[in-house]
Amino acid sequence: MSPARKIAASLFAAVTLSTFLTTPAHAATDAELAFHWAPVHYQDTDSSDYDADYLSTVDFDGEWNTLDNWESQDDSLARLTGAAYYSVVETSTHWFVVYSFYHPRDWEDSPDPLGQNTHENDMEGVLATVRKDGSTYGRLEAVVTVAHSNFYSYVPAGSTFTSGREGVDGTLRLQGTRPTTRQEAKGHGLYAWNGAEFPGGDGVVYVPSATGEVPSGGNDRSVGYRLVDTFAAGGLWAQRNSSTTFASWGTFRGDNGKDNAANTAWGWDDGNDGSDLPRGLLATDPAYLVSVYFANRGSFSLAYTRNGYRL
């Protein structure tokens with residue numbers, strides 16, 4: 001074979017291999033991707049009012065008026081079926097999956113007459129960064145969790161990602177292929193699970209399931225939670241301009257404790273990560289946020305092929 005033909009053959013083989021490595025054998029749907037990477041979720045509970053720490057949906061009471069969710073929270077525990085919202089956006093190199101965990105109350109077990117420490121509605125969550133590596137579901141490379149007004153960064157063992165502008169806060173533990181997360185009682189700050197027992201010894205372990213279940217009590221170690229598409233017709237994103245649900249862009253209406261104090265994923269903000277990372281970017285432009293938070297990312301595109309948050 002002539003040198004020119006050898007070069008051509010090598011180039012053809014390289015292109016073929018590259019296509020093979022980046023084209024999955026089966027194109028997973030967003031729901032399948034979200035289910036595959038959905039966390040095993042360790043929800044701490046407080047024994048003084050454990051059901052106030054159960055997961056649910058914003059419309060758990062059958063309507064989207066968020067001004068009555070605090071009052072409705074304990075009317076019927078059967079309505080507090082485990083759930084988490086998800087959204088998927090995509091670049092040529094990665095999928096970015098946001099999971100949002102909702103509670104009707106951010107609460108305290110002591111009086112809060114001035115409304116400084118409690119508020120109606122609460123939503124915190126986690127962003128999973130998944131590389132398209134040619135497999136059906138890709139490879140998890142990093143997560144960023146939301147705890148109040150701070151974001152925390154974690155990488156699983158084997159990830160090439162290292163600290164960027166923000167330092168890596170720890171190694172992400174997996175159960176099988178799933179990341180593990182933990183959420184505080186009462187205030188519901190969300191972090192990677194640290195492998196420890198629940199504070200006080202009681203809590204609910206939520207596991208991804210086709211159907212949501214209600215915990216049997218404050219110390220139930222296997223409760224199914226279902227995934228709810230943020231972009232579903234008539235769903236959470238569809239309510240984004242509704243004054244029944246939102247007081248302002250990405251902020252729930254609430255009048256118990258501190259007024260209008262809870263945010264959706266497109267309203268989350270880390271208070272000190274830089275002016276180029278404005279409120280809501282974790283959901284609306286996760287590629288850019290991840291590119292700033294982490295270094296040593298390898299091939300990494302910032303251009304979206306799909307992004308439902310961009311109208």
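**Exercise 1: An aromatic cluster**

Find which residues form one aromatic cluster in this predicted model.

*Solution.* Start by picking out the members: Y102, F231, W237, F246, W249, F252, W266 and Y309 form one cluster of aromatic residues. Next, zoom in on W237 and Y309, whose ring centres are 5.2 Å apart. Their planes meet at 80 degrees, and edge-to-face means over 60, so this pair is edge-to-face. Now see where the two partners sit. W237 belongs to the loop between β13 (223-229) and β14 (246-248), while Y309 is in the segment after β17 (304-306). Those parts are 72 residues apart in sequence, so the pair ties them together. Finally, check exposure: both W237 and Y309 are buried.

**Exercise 2: A second ring pair**

Work out how the rings of Y50 and Y54 are arranged, and say how exposed each residue is.

*Solution.* First, some context: searching the whole structure turns up 17 aromatic pairs. One of them is Y50 with Y54, at 6.1 Å from centre to centre. The angle between the planes is 40 degrees, which makes the pair tilted. Then look at each partner in turn. Y50 has a relative accessible area of 34%, so call this residue partly exposed. Y54 comes in at 1%, so Y54 is buried; the cut-off for buried is under 20%.

**Exercise 3: Charges over rings**

Which arginine lies over the face of F300, and which charged end sits over the ring of F35?

*Solution.* Take F35 to begin with: the charged end of R178 is placed over this ring, 4.9 Å from its centre. Now go to F300, where R297 lies over the face at 5.1 Å from the ring centre.

**Exercise 4: What N307 holds on to**

Locate N307 and list the backbone atoms that lie by the polar atoms of its side chain.

*Solution.* Step one is the location: N307 is found in the segment after β17. Step two is exposure. With a relative accessibility of 12%, N307 is buried, because buried means under 20%. Step three is the side chain. One of its polar atoms is 2.9 Å from the backbone oxygen of T284. A polar atom of the N307 side chain is also 3.0 Å from the backbone nitrogen of Y309, a residue you've already met in the aromatic cluster.

**Exercise 5: The cavity**

How many cavities of 30 Å³ or more does the structure hold, and what lines the largest?

*Solution.* The count is one. The largest cavity has about 30 Å³ of space. Around it you'll find Y85, S87, V98, S100, T230, L236, A265, W266 and Y309. Strands β2 (83-91) and β3 (94-106) are the elements that give two or more residues to this lining. Sort the lining by class and you get six nonpolar residues, three polar ones and no charged ones. Two of the names, W266 and Y309, may ring a bell: they are also in the aromatic cluster.

**Exercise 6: The two largest pockets**

Describe the linings of the largest and second largest pockets.

*Solution.* Begin with the largest pocket, which holds about 320 Å³ of space. It has 15 lining residues, and those closest to the centre are H119, H148, S149, A261 and N263. Strand β4 (residues 119-131) gives the largest share of that lining, four residues. By class, the lining splits evenly into five nonpolar, five polar and five charged.

Move on to the second largest pocket, with a volume of about 160 Å³. Its lining is made of Y42, D44, R182, Q183, E184, W193, N194, A196, E197, F198 and P199. At least two of these come from each of β1 (40-44) and β10 (178-183). Here the classes are five nonpolar, two polar and four charged.

Last, follow E197 out of that lining. E197 sits in the loop between β11 (190-192) and β12 (203-208). Its side chain makes a polar contact of 3.3 Å with the side chain of R221. E197 and Y42 are 155 residues apart along the chain, yet 9.4 Å separates their C-alpha atoms.

**Exercise 7: Helix α5**

Is helix α5 largely enclosed or largely exposed?

*Solution.* Count the buried residues: P286, A287, L289, V290, S291, V292 and Y293. That's seven of the eight residues in α5 (residues 286-293), so the helix is largely enclosed by the rest of the structure.

Terms used. Residues are numbered from 1 along each chain as its sequence is written. This is a predicted model: local features need pLDDT of at least 70, side-chain atom pairs count only at pLDDT 80 or more; totals for chains, interfaces and linings use all residues. Side-chain values use heavy atoms; hydrogens and water are left out. On a 1 Å grid over the protein atoms alone, a cavity is a set of points where a 1.4 Å probe fits but cannot get out, and a pocket is an open set with protein on both sides within 12 Å along at least five of seven lines; lining residues have an atom within 4 Å of a point. Grid points are joined across faces, edges and corners, and a volume is the space filled by probe spheres set on the points. Ala, Val, Leu, Ile, Met, Phe, Trp, Tyr, Cys and Pro count as nonpolar, Asp, Glu, Lys and Arg as charged, and the others, Gly among them, as polar. Rings of Phe, Tyr and Trp (its six-membered ring) pair if their centres lie within 6.5 Å; planes under 30 degrees apart count as stacked, over 60 as edge-to-face and the rest as tilted. Buried means under 20% relative accessible area, exposed over 50%, partly exposed in between (1.4 Å probe, protein chains only). A charge sits over a ring if NZ of Lys or CZ of Arg is within 6 Å of the ring centre and within 35 degrees of the ring normal. A polar contact is a pair of N or O atoms within 3.5 Å; within protein, one must be able to donate a hydrogen and the other to accept it, and residues adjacent in sequence count only if both atoms are side-chain atoms.
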